[in-house]
Each structure stands twice: as structure tokens, then as C-alpha cells.
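Thanks for making time. I will go through one fold this morning, from the inside out, and then stop at a few single residues.

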Amino acid sequence: MNSVNGMIAFRDDTAGKPLTNPQTSDAVLSFERGDIGFFAVNVTTVDQSGVEVTTNLADGKYLDYISGKEIEITGGVVKTDLLANQAIALIKR
């Protein structure tokens, strides 16, 4: 799945779910879609390593619909690296 198709799938899977828990920092914007989806984007032109964003989603393994990689939420925190202008769109596996 390419990144455009992944974003379409994320939108389809979270349709009708409220946008909740919006967060912003100097580099990262994030939000949740209901209790099933999480989106974060590095809004800078500088790679961000060791990004940690709190979430209300349940701990567990999530599929990033953009990269196809698995990302785990542990202790209510998403930990990941985000390249410049890169995003993640997570759905519970």
C-alpha cells in the first residue's frame, strides 16, 4: 500500500469517529480519531528522533497505514522517529 492509499484507508477506517486529543509541539502535530486511530506529523524540515506523544488509545500493536510498519503504544505513549515532513497513521492491529 502506498502512502496515499494508506491515508485513504485510514480515513475510511476512522470515518465518523470524533477528532480527539489534539496536541502540538514545535515539531509534531497529533490527534486521535475515536478510540481506534492515531495520526502524527512532523511539521518541520528537520528529522525528529525519539518522538514521544501521549495518547488515550489502548496499549498494543498498531499498523502504520503510511509506512506499513508496526508501532507499539506502551503506557499510553507512542514512541517513534519522524523524518522531516513525515507522518504516521496508526490503526489497532
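Before anything else, this is a predicted model. I will begin with the core.

The largest nonpolar core has 14 residues, and the members that touch the most others are V28, F38, V78, I88 and L90. Five strands each supply at least two residues of this core: β3, at 37–42, β4, at 48–54, β6, at 70–74, β7, at 77–82, and β8, at 87–92. Apart from this core lies another one, of 10 residues, including A9, F39, I66 and I91.

Stay with L90 for a moment. What does L90 touch, leaving out residues up to four places away in sequence? The list is F10, I36, G37, F38, Y62, L63, D64, I71 and V78.

Now the sheet. It is an open sheet of 8 strands, paired antiparallel, and the order is β1-β2-β3-β8-β5-β6-β7-β4. Which strands are at the edges? They are β1 and β4, each of which pairs on one side only. On average, neighbouring strands are turned by 25° against each other, if direction is ignored. As a reminder on sheets in general, strands pair through backbone hydrogen bonds, and the pairing is either parallel or antiparallel.

Let me walk through some of the pairs, starting from the β1 edge. β1 and β2, which is residues 28–33, pair in the antiparallel sense over 4 bridges. In that pair, T20 stands opposite E32 of β2. The connection from β1 to β2 is a hairpin through 3 residues.

β2 then runs antiparallel to β3, and 6 bridges join the two. Here R33 stands opposite G37 in β3. These two strands also form a hairpin, with 3 residues between them, and G34 in that turn has a positive phi of about 60°. As for burial, β2 is mostly covered, with 5 of its 6 residues buried.

On to β8, which pairs with β3 in the antiparallel sense over 5 bridges. F38 stands opposite L90 in β8, and both of these were on the list of core residues that touch the most other members. β8 also pairs with β5, residues 60–64, again antiparallel, over 3 bridges. Y62 has K92 of β8 as its bridge partner. β8 is mostly covered too: 5 of its 6 residues are buried.

Next, the helix. α1 covers residues 3–14 and packs on the sheet, where it touches β2, β3 and β8. Its direction makes about 40° with that of β8. A quick check on its length: α1 has 12 residues, so at 1.5 Å a residue it should span 16 Å, and the C-alpha atoms at its ends are indeed 16 Å apart.

Which residues of α1 are buried? They are G6, A9, F10 and T14. These residues cover an arc of only 115° around the axis, so they sit on the same side of α1. What they pack against is β2, β3 and β8. The face turned away from that buried side carries the exposed residues V4 and D12. Two of the buried helix residues have come up already: F10 is among the contacts of L90, and A9 is in the 10-residue core.

Last, three single residues. The first is G50, in strand β4. Is G50 buried or exposed? Its relative accessibility is 53%, and the cut-off for exposed is over 50%, so G50 counts as exposed. Setting aside neighbours within four places in sequence, G50 is in contact with T80 and D81. G50 and D81 are 31 residues apart in sequence, while their C-alpha atoms are 5.4 Å apart in space.

The other two are asparagines with a positive phi. N21 has a phi of about 50°, although it is not a glycine. N21 is in strand β1, residues 19–24. With 25% relative accessibility, it counts as partly exposed. For N85, also a residue other than glycine, phi is positive and near 60°. Where is N85 found? It is in the loop between β7 and β8.

To recap, we have an open antiparallel sheet of 8 strands, with α1 packed on it against β2, β3 and β8, and a largest nonpolar core of 14 residues. That is all I have, and I can take questions now.

Conventions:
Residues are numbered from 1 along each chain as its sequence is written. This is a predicted model: local features need pLDDT of at least 70, side-chain atom pairs count only at pLDDT 80 or more; totals for chains, interfaces and linings use all residues. Side-chain values use heavy atoms; hydrogens and water are left out. A nonpolar core is a set of buried Ala, Val, Leu, Ile, Met, Phe, Trp, Tyr and Cys residues joined through side-chain atoms within 4.5 Å. Buried means under 20% relative accessible area, exposed over 50%, partly exposed in between (1.4 Å probe, protein chains only). Contact means heavy atoms within 4.5 Å. Two strands pair if DSSP finds at least two bridges between them. Axes are lines fitted to C-alpha atoms, for helices over the stretch in contact, and angles run from 0 to 180 degrees between N-to-C directions. The expected span of a helix is 1.5 Å times one less than its number of residues. The arc is that of the directions from the helix axis to the C-beta atoms.
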